[in-house]
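Visitor: I should like a close look at a single part of this model. Please treat the place where the two protein chains meet.

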Number of protein chains: 2
Amino acid sequence: MTAAIAIADADGLAAVSMRAVAARLETGAASLYRYLSSRDDLLDLMADRVAAELRPYPEPDGDWLDTLVRLARAQRAVHERHPWLFELSQRASAIGPEALAFFDACLRVMAPVEAPSAAKFEAIGMMNGVAILFARKRAAGESLTFVGFDLTPYPHLLAALSRPAATPAAAMDLFERALRSLLRGLLTA
Amino acid sequence: MTAAIAIADADGLAAVSMRAVAARLETGAASLYRYLSSRDDLLDLMADRVAAELRPYPEPDGDWLDTLVRLARAQRAVHERHPWLFELSQRASAIGPEALAFFDACLRVMAPVEAPSAAKFEAIGMMNGVAILFARKRAAGESLTFVGFDLTPYPHLLAALSRPAATPAAAMDLFERALRSLLRGLLTA
DNA sequence: TCGTAACTGCGAACGACGTTTGCAGTTTAC
DNA sequence: GTAAACTGCAAACGTCGTTCGCAGTTACGA
């Protein structure tokens with residue numbers, strides 16, 4: 001449902017109630033059950049709808065690692081556009097056709113790599129995890145800096161925080177560097 | 001609250017309602033608000049309570065990478081013991097004293113490493129992510145195998161799934177290998 | 001010893017949630 | 001033209017987090 005995604009983008013996943021979605025559609029909450037079997041159904045549809053934004057998948061030309069990094073960048077962009085996607089990505093039922101298609105595209109890129117299937121699965125999961133982590137980095141960093149704690153019991157943390165923050169450019173480098181070293185480590189002997 | 005953690009371990013986070021916790025304590029739901037300001041408060045306390053299970057932290061002797069891997073293993077064990085912790089770990093407010101202490105311990109281990117603070121923060125976040133990913137691996141793999149989808153539109157996925165699954169021993173190797181290559185890539189020039 | 005002030009536990013109630021039910025109104029099929 | 005099927009939806013149910021107000025208990029100075 002496009003209406004549900006708009007609500008989630010604006011006010012977060014918690015604001016996506018059947019009544020809110022119905023109100024935006026100018027109808028009653030009960031009417032939604034003609035098209036959806038439950039709220040979980042709606043969330044699954046939302047997850048798969050935004051997963052479609054990962055298209056078009058890059059052609060697997062050139063280095064497979066470069067292509068995988070491009071896929072990860074797309075993932076990161078989607079998670080930044082729809083922060084609520086993170087909460088959905090952990091439900092097993094959220095694996096819809098679009099998610100499977102993305103999965104398949106990743107495996108296609110990895111086809112020339114000589115590695116067991118299990119390693120490739122892990123690599124995709126890890127790629128996912130890294131993309132999400134960086135998509136949420138800014139919010140997490142700020143929340144950590146501004147907690148109202150007395151940090152004196154944590155000397156190393158205090159010392160690290162008192163140093164100047166890294167530049168955004170360095171953060172971008174970090175994303176690619178982390179991803180490359182991780183995937184290379186997982187997929188090569 | 002120990003009672004709340006017991007409920008979550010048994011029936012999941014969703015079962016941790018104020019009424020359920022109160023019932024286990026043989027009291028009324030309203031009574032809990034004498035000690036907690038809200039349900040979110042309770043969840044934060046639960047998260048910090050299980051974070052205490054990460055102690056004692058290993059001494060940073062020997063190779064820093066070995067010590068970090070030991071910390072990650074502890075994290076993975078905690079997440080396997082309390083699967084609901086994953087749902088909590090994404091709330092910013094869940095960063096309590098114990099989580100900060102763990103953070104500090106990681107930084108202490110990384111003290112001899114020459115790297116910017118931001119890289120170390122990312123490394124810890126990534127370590128966390130990898131630990132969680134592997135803790136949830138079994139469930140995720142099964143849910144992916146048993147979805148009732150027609151997989152013919154996903155040829156590479158189908159090919160990968162039709163191969164024999166990896167042995168559990170190889171999975172354990174994968175955890176350590178992924179972590180090592182990731183941390184080394186992030187923290188060394 | 002009493003009186004009062006403060007604190008404690010908690011039944012009852014409030015509003016919001018997901019979901020079900022039952023019934024009008026409308027379309028479809030023969 | 002009538003019966004069957006489908007549609008939209010107000011109302012209600014049970015559960016949730018949370019608040020309110022009141023008994024019962026304790027603490028303490030007079």
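How much area do chain B and chain A bury between them, and what share of it is on carbon and sulfur atoms?

Guide: This is a predicted model, in which local features need pLDDT of at least 70 and side-chain atom pairs count only at pLDDT 80 or more, while totals for chains, interfaces and linings use all residues. Residues are numbered from 1 along each chain as its sequence is written, chains are lettered from A and ligands numbered from 1 in the order in which they are written, and side-chain values use heavy atoms, with hydrogens and water left out.

Chain B and chain A bury about 4200 Å² between them, with 70% of that area on carbon and sulfur atoms; buried area is the accessible area (1.4 Å probe) that two parts lose on being put together, summed over both. B:Gln90, B:Leu100 and B:His156 supply 14% of what chain B buries against chain A, more than any other three residues. In terms of contact (heavy atoms within 4.5 Å), 46 residues come from chain B and 46 residues from chain A.

As to polar links, the rule finds zero salt bridges across this interface, a salt bridge being a side-chain nitrogen of Lys or Arg within 4 Å of a carboxyl oxygen of Asp or Glu. On the side of chain B that touches chain A, the helices (DSSP runs of H or I, at least four residues, numbered from the N terminus) that each supply at least two residues are α5 (85-89), α6 (97-109), α7 (117-135), α8 (137-145), α9 (155-162) and α10 (168-187). Of these, α7(B) gives the most, with 10 residues.
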